[in-house]
Amino acid sequence: MNVIENCPMKGRNTFGIEVSADTLMEFSSENELHNCLSVSKHPVMVIGSGSNLLFMGDYHGTILHSAIKGIDVIEDTREYVLVRVGSGMIWDDFAAYCADMGWWGAENLTAVPGEVGASAVQNIGAYGVEVCDIISEVRAMSVSGGSIRTFACGECGYGYRTSIFKSDLKGQYVVTSVVYRLKKQASPKLEYGALRQTVGRMGGVSLHNIRAAVRQIRESKLPDPAVLGNAGSFFINPVISDSHYREIMSRYSDVPSYPSDGDMCKVPAGWLIEKCGWKGRSLGSAAVHDRQALVLVNKGGATGHDIKALADAIIADVRDRFGIELKTEVNYIS
Ligand code: EPU
């Protein structure tokens with residue numbers, strides 16, 4: 001196991017915030033994780049690639065990071081394959097591997113930043129697919145007792161960008177591996193209009209064309225964290241009642257929506273933020289991305305408080321204009 005005291009975190013969070021952590025421990029096996037948990041100073045926090053968090057200052061405690069790698073096929077049939085993947089594997093490396101193997105299910109989630117463990121905690125989603133669609137089970141170690149528990153997909157409490165690991169069991173388990181179920185027969189999901197069109201232009205439906213199309217769409221809207229610090233969508237798309245939606249529609253006939261459960265509907269936060277005039281605007285070193293208003297960026301040298309000040313100003317404006325309380329997808333770490 002790798003232990004770093006006073007660990008600089010700038011390269012370990014995609015916003016590029018310059019803070020340090022008292023201790024960072026990296027584990028390569030469940031045994032090593034067990035040892036880490038028995039000696040770590042509290043509070044304890046687990047991070048993946050740091051692509052969904054915002055440090056508000058130095059972290060006084062222990063940060064755990066999984067370096068458990070490996071892809072093991074545990075069941076292989078004519079229709080599907082079950083594959084166990086270490087939580088420290090880069091998500092997109094696994095998605096690329098699936099495409100190379102001819103396994104369907106992960107291709108729409110191409111280039112989502114982060115690691116396998118975080119994919120299962122966060123229920124990553126893009127272009128009509130959520131990772132819970134392909135998760136079979138999640139293996140995790142309890143932070144308090146060090147025991148291993150296997151969660152079947154149905155026990156993980158999956159919903160839009162959420163899971164039991166972010167709600168009822170928050171901070172209580174460290175994911176060590178995830179079992180995914182991928183299909184061997186072609187099963188493209190092309191409901192997202194721009195994806196269907198882009199794949200069409202590439203000459204036909206294949207795993208590699210879908211991956212290339214997703215990459216192209218993402219690059220046209222989302223900034224590369226290696227160039228401009230950001231954490232993807234900063235806010236979750238809000239779910240509002242149909243009557244609230246109709247009221248907004250009476251003022252803005254172009255308001256888009258996604259279907260949701262019951263008499264509710266989901267509205268793109270990026271549209272709400274753009275309508276409030278924030279797209280491309282800055283507040284100090286923090287800015288709203290000029291091609292996707294859902295993404296806040298660090299123009300250089302921003303602190304967590306600079307980014308939060310911008311987020312708070314946006315939340316207040318959206319509340320005043322639309323009566324909607326935006327919630328952050330990014331976690332504030334203080
Ligand atoms: N829109 C605007 N202005 C903007 C951005 C969006 O008007 O600045 C409107 C447009 O009408 C657009 C609609 O919002 O058609 C939807 O935009 P987009 O397709 O870019 O999707 P999104 O709802 O903004 C969500 C996810 C993204 C994911 C895309 C594609 C959330 C919080 N975000 O964004 O996920 O890539 O759908 O499936 O659900 C992420 O989680 O980090 C992420 C990037």
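Residues are taken as buried under 20% relative accessible area, as exposed over 50%, and as partly exposed in between. In this predicted model, Met 1 has a relative accessibility of 46% and therefore counts as partly exposed, whereas Val 39, at 52%, counts as exposed. Together with Val 3, Met 1 and Val 39 form a nonpolar patch on the surface, with about 260 Å² of accessible area together. Met 1 belongs to the segment that precedes β1 (2-8), while Val 39 is placed in helix α1, which spans residues 30-39.

The ligand is surrounded by 23 residues, of which Tyr 127, Tyr 160, Tyr 192, Tyr 258 and Glu 274 come nearest. By residue type, this shell divides into 12 nonpolar, six polar and five charged residues. At least two shell residues are supplied by each of β8 (125-126), β13 (229-233) and α7 (269-275), and the largest share, three residues, comes from α7. Oxygen atoms of the ligand approach the backbone of the protein at Ser 233, where a polar backbone atom is 2.9 Å from a ligand oxygen, and at Ala 293, where the corresponding distance is 2.8 Å. A side chain is also involved, in that an N or O atom of the Glu 329 side chain is 3.3 Å from an oxygen atom of the ligand. The protein covers 81% of the 820 Å² of accessible area that the ligand has on its own. Between Val 39 of the surface patch and Ile 273, the C-alpha to C-alpha distance is 45 Å, with 234 residues separating the two in sequence.

Side chains of opposite charge can pair when their charged atoms come close. The structure holds 12 salt bridges, among them one between Arg 84 and Glu 137, with an N to O distance of 3.3 Å. This pair links distant parts of the chain, since Arg 84 is in strand β7 (residues 80-86) and Glu 137 in strand β10 (residues 135-142), 53 residues apart. Arg 84, at 22% relative accessibility, counts as partly exposed, as does Glu 137 at 24%.

A further salt bridge joins Lys 275 to Asp 254, their closest N and O atoms being 3.2 Å apart. Because Lys 275 lies in helix α7 and Asp 254 in the loop between α6 (242-251) and β15 (258-259), the pair ties together parts that are 21 residues apart in sequence. Lys 275 is partly exposed, at 30% relative accessible area, and Asp 254 is partly exposed at 43%. Lys 308 and Asp 312 also form a salt bridge, with closest N and O atoms 2.9 Å apart; these residues are four apart in helix α8 (residues 304-322) and are therefore separated by about one helical turn.

Technical notes
Residues numbered from 1 in each chain as written. Predicted model: local features only at pLDDT ≥ 70, side-chain atom pairs only at ≥ 80, totals over all residues. Heavy atoms only, no water. Near = heavy atom within 4 Å. Polar contact = N/O pair within 3.5 Å; in protein donor to acceptor, adjacent residues only side chain to side chain. Areas by Shrake-Rupley, 256 points an atom, 1.4 Å probe, with all protein chains shown as cover. Nonpolar A, V, L, I, M, F, W, Y, C, P; charged D, E, K, R; others polar. Patch = residues over 30% accessible without salt bridge, like charges linked within 9 Å, V, L, I, M, F, W, Y side chains within 5 Å. Salt bridge = Lys/Arg side-chain N within 4 Å of Asp/Glu carboxyl O. Buried < 20%, exposed > 50% of the residue type's maximum accessible area, 1.4 Å probe, protein only.
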